[in-house]
Number of protein chains: 2
Amino acid sequence: MSARKTGLDATGDARPAAAPVTIQAVAAAAGVSKTTVSHVLSGNRPVSAETRRRVEKVMDDLGFSPNFFAQALNRNRSNTIALIAQDITNPFYPALARGLQAAVSNQDQVVMLFDAGAGEGALTHAFVADAIQRRADGVVIAVSDVDDDIARLREAGIPVVAVGSGASKLPIDWVTADDERIAADAVMHLHLLGHRRIATITGPLNHTPGKPRYLGYLRAMQDLDLPVEPEMIEHGEWTRESGFDAMARLAARHDRPSAVFCANDMMAIGALDAARRSGLAVPEDVALIGVDDIDAASLVRPALTTVRIPAEEIGRAAGELLLHRIAEGMTTTHRHVLVQHVLMTRETS
Amino acid sequence: MSARKTGLDATGDARPAAAPVTIQAVAAAAGVSKTTVSHVLSGNRPVSAETRRRVEKVMDDLGFSPNFFAQALNRNRSNTIALIAQDITNPFYPALARGLQAAVSNQDQVVMLFDAGAGEGALTHAFVADAIQRRADGVVIAVSDVDDDIARLREAGIPVVAVGSGASKLPIDWVTADDERIAADAVMHLHLLGHRRIATITGPLNHTPGKPRYLGYLRAMQDLDLPVEPEMIEHGEWTRESGFDAMARLAARHDRPSAVFCANDMMAIGALDAARRSGLAVPEDVALIGVDDIDAASLVRPALTTVRIPAEEIGRAAGELLLHRIAEGMTTTHRHVLVQHVLMTRETS
DNA sequence: CTGAAAGCGCTTACAG
DNA sequence: CTGAAAGCGCTTACAG
């Protein structure tokens, strides 16, 4: 660690931890049984107003807080939801986490965060093991290609909802954006603006969301009776550099496109640089549209037109699905939610 | 929720949850006592190789996984660290979370995430109550002005490390960036480039890090024997708009600065827009430097020179401090870590 | 409306 | 090297 310590300071008072007060202590002080204390706590059984008041006062005076583990051991419920995220450094996941927290916290659920760090599947396996061992009430899994992990969770009897895995072959609750429609809507938007020669810079085609966004482009072009030309299809790797290179190639053509649908914002920002480098004005010479609405999309000049994926809402929906599933238990029916995207028209189109 | 459901599909198999296998069951199947099973699990007592092998095989066959709550109830340890973050939507916090996870996960600790959602203190109080109730082994608190919450945690006997609270009056472990030096180093950088007329756009001055960054500016100007002129000090609110406005005012002066230290990147990006709007070339007419190194800093054109705060390292340091504190118990000495920032020289200076 | 007692699934002195 | 038993702090039939 390249940190420098500034040494110690010794002003602190070190009170020993307060004596842990148990339900037993409360019962004694209130002159009732543990049973009764437990019931004023849970409300599972009527307690006379007078007794209740007395017990509550004692709890307050003693600062009683029921032991979470003892409760969980009895109820066999952890009130904890695990979120396994692909890469928390990607703003999509924090927003997802926030929505999830919002949806489940009023049910007294807390979220346990696992960040796979954009790494390989090994970490995810470990996280799933943790979630099982800690008896999570449910897990939201926002990592792709993890059917085996999902299966393990279900064997352990833990409800799962997958995010962004319309791709999963497993019967399971999931919520995702409609990537194919996102792409189609982006193309429609360009078409409405008068563009006919529309290119695309795709992501990797073997995975979600690269593939559905590509298919959406194709579908829209066909629906609009626009010719799909192989020269108008460039492949990127989600990165700014790959977007730059792809756009440079398109710009160099004598029959260059008048508009480009980029499958994400990073590539679109790269494309923006390349366009200007090639002396093309945006949007006059080429219009550009991305997907995601990352922070930088609105900070860049000209500000990027893009399709926003409501990550927070996805998190909220995932939380609601999970709560349902927890309440219902495993059944044979599964819910799927497609969350609505929104077109953010800015300056590049 | 503005989502549309696509209905249900009914392909799933709904295997009932596997019968929970206990230590008792393992003991029976292996022909030993629970005591022995417990010890092969914990390694707290020698077990003959032969017995150990047999028990381990049974555990494997039965898919035994010890009940986390029963363990926690006995050991009085949750192996859980709570992270209370100001606003997980701000990229600083996810990076912090990642560093924290990295530091504590090899000690079998898991992180419980609480996102205060940039909201007021009420939520933080609730989170602290949760952390206490769930018997977190420790908490990292990355919210400012929460001395009362910190006090409650200490009363409950829970170790705390604060992030970014050099400001706290409490004797406590903390880790933070050296905001005053960050500002001073930024000014030094501009000075080295030949600038003498250096302005600043500050953040709010009543809090960390607005105040220390302002003080660092003052200190550096004095150290460099540069005059501190009130006209060269503009106050912003961390936002892009406030940066824009502040820069517009500076640009309008006949004695405008040749360089501006902006206390964060958002304001610097606003300043960049304003400078160009005023017909000033960056960095030829005005040089600009920010703080944070948000994603957009390198995506904007010209790319923003800034000072990077290593959030992930802060998280890692906080995790290490916390682990220490958990191991040592409350003592009267406290550790403080100042994490090293790094100058990212790009195109605006 | 209230209690005594069994039980949740582990760990850990105590004893051999 | 191994076990029987008490105990961690709750919840919940069962009984009154």
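Me: What lies 3.3 Å from a polar side-chain atom of Asn44(A)?
Reply: A phosphate oxygen of DNA strand D. The cut-off for a polar contact is a pair of N or O atoms within 3.5 Å; within protein, one atom must be able to donate a hydrogen and the other to accept it, and residues adjacent in sequence count only if both atoms are side-chain atoms.

Me: Ground rules before I go on?
Reply: This is a predicted model, so local features need pLDDT of at least 70 and side-chain atom pairs count only at pLDDT 80 or more, while totals for chains, interfaces and linings use all residues. Residues are numbered from 1 along each chain as its sequence is written, chains are lettered from A and ligands numbered from 1 in the order written, and side-chain values use heavy atoms, with hydrogens and water left out.

Me: Back to strand D. Which atom of Asn67(A) is 3.3 Å from a phosphate oxygen?
Reply: A polar backbone atom. Arg45(B) goes for a base instead: a polar side-chain atom of Arg45(B) lies 2.4 Å from a base oxygen of DNA strand D.

Me: Which elements give two or more residues to that surface?
Reply: Helix 2 (34–42) and helix 4 (68–75) of chain A, plus helix 2 (34–42) and helix 4 (68–75) of chain B. Helices here are DSSP runs of H or I with at least four residues, strands are E runs of at least two, and both are numbered from the N terminus. Helix 4 of chain A gives the most, with 5 residues.

Me: How many residues are around strand D, and which come nearest?
Reply: There are 27, and Ser38(A), Asn74(A), Thr35(B), Arg45(B) and Thr51(B) come nearest. Sugar and phosphate make up 54% of the strand D atoms within 4 Å of the protein. A residue is near a strand or molecule if one of its heavy atoms lies within 4 Å of it.

Me: How do those residues divide by type?
Reply: 9 nonpolar, 14 polar and 4 charged. Ala, Val, Leu, Ile, Met, Phe, Trp, Tyr, Cys and Pro count as nonpolar, Asp, Glu, Lys and Arg as charged, and the others, Gly among them, as polar.

Me: Now strand C. Which residues are closest?
Reply: Thr35(A), Arg45(A), Thr51(A), Ser38(B) and Asn74(B), out of 27 that surround DNA strand C. Of the strand C atoms within 4 Å of the protein, 55% belong to sugar or phosphate and the rest to bases.

Me: What does the side chain of Thr35(A) lie 2.6 Å from?
Reply: A base nitrogen of DNA strand C, reached by a polar side-chain atom of Thr35(A). The phosphates have partners in chain B. One phosphate oxygen is 2.5 Å from an N or O atom in the side chain of Ser38(B). A phosphate oxygen is also 2.7 Å from a polar backbone atom of Ile23(B).

Me: Which helix gives the most here?
Reply: Helix 4 of chain B, with 5 residues. The residue types divide into 9 nonpolar, 14 polar and 4 charged.

Me: Change of topic. How many salt bridges over all chains?
Reply: 44. The test is a side-chain nitrogen of Lys or Arg within 4 Å of a carboxyl oxygen of Asp or Glu.

Me: What does Arg325(B) pair with?
Reply: Asp173(B), with the closest N and O atoms 2.9 Å apart. The pair links distant parts of the chain: Arg325(B) is in helix 13 (residues 311–328) and Asp173(B) in strand 6 (residues 173–177) of chain B, 152 residues apart.

Me: Is Arg325(B) buried or exposed?
Reply: Buried, at 4% relative accessible area. Asp173(B) is buried too, at 1%. Buried means under 20%, exposed over 50%, partly exposed in between, using a 1.4 Å probe and protein chains only.

Me: And what does Arg213(B) bridge to?
Reply: Asp179(B), also with N and O atoms 2.9 Å apart at the closest. Arg213(B) lies in helix 9 (residues 210–223) and Asp179(B) in helix 8 (residues 179–192) of chain B, so the bridge ties together parts 34 residues apart in sequence. Arg213(B) is buried at 6%, and Asp179(B) at 8%.

Me: What does Asp179(A) touch?
Reply: Thr208(A), Pro209(A), Pro212(A) and Arg213(A), leaving out residues up to four places away in sequence. Contact means heavy atoms within 4.5 Å. Asp179(A) is buried, at 9% relative accessibility.

Me: Last one. How many residues has the largest nonpolar core?
Reply: 149, with Met247(A) and Met247(B) having the most contacts inside it. A second, separate core of 23 residues includes Met112(B), Val128(B), Ala136(B) and Leu153(B). A core is a set of buried Ala, Val, Leu, Ile, Met, Phe, Trp, Tyr and Cys residues joined through side-chain atoms within 4.5 Å.
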